[in-house]
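Please open the model in the viewer and display the backbone together with the side chains. The tour begins at the contact between chains and then visits individual backbone features.

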Amino acid sequence: MYTRTTMYKNQRIILYILILISGAAWIALSAEKTGATPSRNMPAPQAGFAAPDFTLKTPTGETYKLSELRGQALLVNLWATWCPPCRAEMPALEKMYEEYKDQGFVVLAVNMTYQDDPFAVVPFTQEYSLTFPILLEETGDVAAAYQLRSLPSSFFIGRDGIISEVIIGGPMSEALLRTRIEEILK
Amino acid sequence: MLLIFAAAWIGLSLAEKRAERSAISKDNINNIIFYGLITFVIGGRISFILQNIPAFIKSSLGIISINPDMFDPLGAVTAAIIVMLVYGQRRGLLFWHTLDALTPFFAILTIGLGLSHLAAGTAFGKETKLVWGINLWNATRHPTQIYETLASFLTFSLLWFKRHDPRSGMLFLTFAALTAGSQLFIQAFRGDNTLILNDLRQEQVIAFAALAFIFILIEYRLKEKP
């Protein structure tokens, strides 16, 4: 014989089962049929998206196109000579570049030339003995594409061209750089 | 981050009020949250270090670096839960009563988390043509951050009406069930899920498992005396 409490319990259990069946159906209905996270094919300056492409020149006139570096692990670092944390993290960037470049790691240090002193860039790279490519952003287009909010901003990009991590602000420590670089080198 | 801190502060005030009803002193609630937050911060860094020991052996000064990105959220939460449990046990706090007292804190924190996602543009939705879509990351997307904030607010409102429930643990378990249920629903609109078994959203599967477990706990609590 059912007591009132038993009935309540049975009603609750039926409710749980109904909720769980609905939940399972919702999971199946909302499954991503493409088998891939939707953001991967769209360029945007956020982890999980394809890195927005750009073509920029170095002070010596050499041209770098981001998409042509596909297959390598990239760090796109947006910086300016007047920015103290940008200056502070340069030695660590250089050290990591020297240590990992043979494994396919490339640093693209994009100077925000449109809001910097263009004549200060080369002396700056000499002062810090930087050997990775320094690119000049003279129009603000790359800053807009990467929705620059603060300097420095660093974008760790995997070999597949997908942004793995975005770090706004700095300076980044060697340990942080090491963990992120080893992640994108995988 | 500021939104989360503000939410934590409001949540703490509400938890203090709730604590009186659960016969737990304000000091104990303040302390358990304080120790939890401190352990959250330190535990997150320690867990990150433990997962990246070779990097820190080569650059040991990084251990004390102020980079907030060297942080493991899962490790942080685990460490905070352990310390809160140990504190509660040492002080002789009743487990379910304490969880009930902390529920307003958790509920307000989830509202703050949704707002912080909205401010940072993280936890973003997939593309949509719906009129309420928001322009984010170069596309019109489901405003999943707003969905989760509204769901958290709704959860908090429902808990408010349930706040006089005399059965210990039910307030917390209701919060947990509503949160897991809303995540199960909302995650379908996210654009950044991790996929498992080729096409299922991992976050939904976790929410589903959590919901089933919470139902078992609710039945277990209803069998017990208040």
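Select first the 33 residues of chain B that are in contact with 28 residues of chain A; two residues are in contact if their C-beta atoms, placed from the backbone, lie within 7 Å. On the chain B side, α3 (53-58), α7 (170-186), β4 (200-201) and α8 (202-223) each give two or more residues. Helices (H or I, at least four residues) and strands (E, at least two) are DSSP runs, numbered from the N terminus. Colour α8(B) next, as the largest share of this side, 6 residues, comes from there.

This is a predicted model, in which local features need pLDDT of at least 70, side-chain atom pairs count only at pLDDT 80 or more, and totals for chains, interfaces and linings use all residues. Residues are numbered from 1 along each chain as its sequence is written, while chains are lettered from A and ligands numbered from 1 in the order in which they are written.

Move to chain A and select Leu151(A) and Pro152(A), which are joined by a cis peptide bond with omega of about -5°. Pro152(A) lies in the loop between α4 (141-145) and β6 (153-157). Then select Gly170(A) and Pro171(A), where the peptide bond is cis, with omega near 0°. Pro171(A) is in the loop between β7 (163-168) and α5 (174-185) of chain A.

Finally, select Trp137(B), in the loop between β1 (134-136) and β2 (139-141) of chain B. Phi of Trp137(B) is positive, near 50°. Most residues other than glycine have a negative phi.
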